[in-house]
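Here is a short round of questions on how the labels in a structure are earned. Each answer sets a value against its cut-off.

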Amino acid sequence: MTEAVTAGAGTRQAKPNVRPRRPHFSSGPCAKPPGWTPHALDLSALGRSHRGAVGKAKLQEAVERTHALLRLPADYRIGIVPASDTGAMEMAIWSLLGPRPVTMLAWESFGQGWVTDVAEQLKLDAEIRTADYGEICDLREIDSANDVVFTWNGTTSGVRVPNADWIAADRTGLTVCDATSAAFAQPIDWSRIDVGTFSWQKALGGEAAHGMLVLSPRAVDRLEREPAPRPLPKIFRLTKGGKLIEGVFKGETINTPSMLCVADWLFALDWAERIGGLDALIGRADANAAALDRWVQKAAWIEHLAPDPAIRSNTSVCLQFADRSDVESNKLRQKALARLLEQERVAYDVGAYRDAPPGIRVWCGATVDTADVEALGPWLDWAWEIIRG
């Protein structure tokens, strides 16, 4: 039986019959993998030293299985580092940039943050290309002798680069890529990426506070031959005596990790491998984004923030109100919409990012079930009728 309520415009709007089974659509931390419970975690490493045999084995397992799941080139290294994706990116920027000019590409808030670091904090010679929310920069004629820093998927703007074809295979500069909302959900040509970063809390629904750093042989060579021309704090140091600290990429973390978070990450890897690996993860994210898009095409009051499907994210799908004549009123509608959906326990944390145009943001990564995305659409329409005023 449906339940009728009074809409803001005075009409009667019936609540939908079907609720999302898991209303977790936050863009970070994201939905846990289907079937997750705390009781399913292997807690054998808790209360043990991360440098002991048990703890180190778990950390090394996490590194090796992540490398395999992402299908990284055999000679690429990957390690667990402090402070989530932000820490991994800061480590890369402060440790590697400086020997060459830098091209900065930014199309959302986190990319703008990397611009601030490079141009204002490090004060490097940087070409800066930016784009408005919902768009990406011109990727043509980028000097391949420059280092390039960019975000693959704009979590706050709902855009992504269409591919890596614009990155020169014979480049002499390094590519530094914040891939945190793209890894495990989008096909990334890692041969074109010299430094990649991501966090556990995004596409596989892990816990926060830990980042992962991917280095190509070219990036390792830069670290060893051209050390950063600046002092580095301990948590940023990747070399000692002019050589890469190989232990970082074998489970010997720079500082103490949470072994509970490691256990949670290993559960996520178990799930990802069980459903079919990277192809299955990408397929689930694509199916979720397609389901949401089918609803958007029928809804007159909302539209994609990224109008071009070729650059539209399949994970952090950002939507804006169709009527944008009154921004301040739309900000109030956004808050009211998100609050009502949370009260009804049908969608948590779906308000647009604070600096983005008012609207909603729905995480469609692989840990979300397509049936829940399909169930969400009617609830969004219902909530809109309630709050539009």
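Buried means under 20% relative accessible area, exposed means over 50%, and partly exposed lies in between. The model discussed here is predicted.

Q: Why is D138 called partly exposed?
A: The relative accessible area of D138 is 38%. Partly exposed covers the range between under 20% and over 50%. D138 therefore counts as partly exposed.

Q: What makes R140 count as exposed?
A: R140 has 62% relative accessibility. The cut-off for exposed is over 50%, so R140 counts as exposed.

Q: How do you know that D138 forms a salt bridge with R140?
A: Their closest N and O atoms are 2.9 Å apart. A salt bridge needs a side-chain nitrogen of Lys or Arg within 4 Å of a carboxyl oxygen of Asp or Glu. The pair therefore qualifies. In total, the structure holds 27 salt bridges.

Q: What makes E344 and R19 a salt bridge?
A: The closest N and O atoms of E344 and R19 are 3.4 Å apart. The limit is 4 Å, so the label fits. This pair links distant parts of the chain, 325 residues apart. E344 sits in the loop between α7 (327–343) and β16 (359–363). R19 sits in the loop between β2 (12–14) and α1 (53–70).

Q: Why is E344 buried or exposed, and which label does R19 get?
A: E344 has 15% relative accessibility. Buried is under 20%, so E344 counts as buried. R19 has a relative accessible area of 40%. That value falls in the range between the two cut-offs, so R19 is partly exposed.

Q: How do you know that D369 forms a salt bridge with R22?
A: The closest N and O atoms of D369 and R22 are 3.3 Å apart. With a limit of 4 Å, the pair therefore counts as a salt bridge. D369 lies in the loop between β16 and α8 (370–387), and R22 in the loop between β2 and α1, 347 residues apart. Both D369 and R22 are buried.

Q: Why is β16 called largely enclosed by the rest of the structure?
A: Five of the five residues of β16 are buried, so the strand is largely enclosed.

Q: What makes β15 and β16 a pair?
A: Five bridges join β15 (residues 316–321) to β16. Pairing takes at least two bridges, so these strands pair. They run antiparallel. V317 has V362 in β16 as its bridge partner.

Note on methods:
Residues are numbered from 1 along each chain as its sequence is written. This is a predicted model: local features need pLDDT of at least 70, side-chain atom pairs count only at pLDDT 80 or more; totals for chains, interfaces and linings use all residues. Side-chain values use heavy atoms; hydrogens and water are left out. Helices (H or I, at least four residues) and strands (E, at least two) are DSSP runs, numbered from the N terminus. Buried means under 20% relative accessible area, exposed over 50%, partly exposed in between (1.4 Å probe, protein chains only).
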